[in-house]
Amino acid sequence: LTVKEIDEAARQFGWPTGPFVLLDYLGIDVATEVAKVIYAGYGERAKPAPLMGILAKARRFGQKTGAGFYVTDAAKEFEDIKQVTDREFPGRISVSAEEGFRRMMLGMVNESFRCLEEEISSPEDVETGCKYGIGFPHALEGPLHLAEKEGLKNVVAELEIFEQKYGMRFAPARILLEYAEQGKAIFAKESEDEW
C-alpha cells in the first residue's frame, strides 16, 4: 500500500484530491499540531498516526520544504516515504489500497454519526459541511447518505471488523448502532406525490 494508491483511490471515488496530497499542501507541521489538539480533546479515539510526528521531526513539512508524503525534484536529499515507513515500521502488515481507503471513509462515516450522537449538528448540516467544507463528492451527498445507501447494518458490520483489527477508533457510534438495529432512516424519504 502506498500513499499514491490511497490518493488515487480517493480521486476515483470522487474527492477533488487525495488525503496525502492535501496534507502536503496544508503542511505536515500544521496538521501535526492540529492532531495534538484533537487528541487532547477526544483521547484514544483520535490518537494521531505516529508517522505524522516522525515526518514533522524530520522537517518534512510538505510543499513548503519540498518533502512530506511526496518528495519534489528540488528536495531529492529526502528519502522516499516508503523508505521511511519500512525503516520506522518494520514488519507492518500491508493492506490493499481498497481497504486503506475504506478505513478512511468508514472513519468519516462513524464520526459523522458521532456528530449526531453528541448533538453537534443536524444530519443536513453534517452533509452540507462535508460537501462544501471538505469537498465530499457532491454526487454522493455526504457520509450519512453514503451510509444509508450502503445499509447501516453493513456499515456497522464493517466497522466492527475494523475495530477488532485496528482498535477503538472504529467502534461504531452508539447512535449508528441504534439506527441500524431499529431500521431507522436518517433522512425522510420524499414522496413522489409531493411533486
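Mentor: Contact, the basis for saying that helices pack together, means heavy atoms within 4.5 Å. The model is predicted, with local features needing pLDDT of at least 70, side-chain atom pairs counting only at pLDDT 80 or more, and totals for chains, interfaces and linings using all residues. Residues are numbered from 1 along each chain as its sequence is written, and side-chain values use heavy atoms, with hydrogens and water left out.

Trainee: Which residues of H3 are buried?

Mentor: Helices are DSSP runs (H or I, at least four residues), numbered from the N terminus, and buried means under 20% relative accessible area, exposed over 50%, partly exposed in between (1.4 Å probe, protein chains only). In H3 the buried residues are Ile28, Ala31, Thr32 and Ala35. Because they cover an arc of only 100° around the axis, taken from the directions from the helix axis to the C-beta atoms, they lie on the same side of H3. These buried residues pack against helix H2 (19-26) and helix H4 (50-57), whereas the face turned away from the buried side carries the exposed residues Val37, Ala40 and Gly41.

Trainee: What phi does Gly43 take just after H3?

Mentor: Gly43 has a positive phi of about 70° there.

Trainee: With which residue does Lys36 form a salt bridge?

Mentor: A salt bridge is a side-chain nitrogen of Lys or Arg within 4 Å of a carboxyl oxygen of Asp or Glu. Lys36 pairs with Glu33, their closest N and O atoms being 3.2 Å apart; the two are three residues apart in helix H3 and therefore separated by about one helical turn. Lys36 is partly exposed at 47% relative accessibility, and Glu33 is partly exposed at 45%.
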